[in-house]
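Please open the structure in your viewer and keep the sequence panel visible, since the tour moves from one selection to the next.

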Amino acid sequence: MIKTATVTRKVDGWYVTLSLQDSSVPELNPDPPTWENTIGIDLGLNAFWVADEGESVEVPQYYRRTEKKLKRLQRAVSRKKKGSSRYKKAVKRLAKAHQ
């Protein structure tokens, strides 16, 4: 059964988000926390997170990897005459890159 539906418009199109209630999915009843089933996670700047066993995950550098492309697209937008069709296309390309 559909509980809610949300329609959103993003740069690359329209999206519908449905919230469903399915009675065939069993309820999840987790065990109460104990020292055996609990782990510690530390969030930080040098590593994205570090577990209590020493396992770590590096910080994902999504923005840093696309900085050069965003810089080029932003320059293209700033060169266009505001309100023109080429300006609108350049803004759309920049918004897609940010997304």
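The stops below go from a nonpolar core to a loop and then to a ring.

This is a predicted model, in which local features need pLDDT of at least 70 and side-chain atom pairs count only at pLDDT 80 or more, while totals for chains, interfaces and linings use all residues. Residues are numbered from 1 along each chain as its sequence is written, and side-chain values use heavy atoms, with hydrogens and water left out.

Select Leu-70, Leu-73, Val-77, Ala-90 and Leu-94 to see the largest nonpolar core, which has 5 residues in all (buried Ala, Val, Leu, Ile, Met, Phe, Trp, Tyr and Cys residues joined through side-chain atoms within 4.5 Å; buried means under 20% relative accessible area, exposed over 50% and partly exposed in between, with a 1.4 Å probe and protein chains only). Two or more of these residues come from each of helix 1 (62-79) and helix 2 (85-98), and helix 1 gives the most, with 3 residues; helices are DSSP runs of H or I with at least four residues, numbered from the N terminus. Centre next on Leu-94, which, not counting residues up to four places away in sequence, touches Leu-70, Leu-73, Gln-74 and Val-77 (contact means heavy atoms within 4.5 Å).

Move now to Lys-80, in the loop between helix 1 and helix 2, which counts as partly exposed because its relative accessibility is 30%. Leaving aside neighbours within four places in sequence, Lys-80 is in contact with Arg-86, Tyr-87 and Ala-90.

Finally, select Lys-10 and Tyr-15: Lys-10 lies over the face of Tyr-15, at 5.6 Å from the ring centre (the rule asks for NZ of Lys or CZ of Arg within 6 Å of the ring centre and within 35 degrees of the ring normal).
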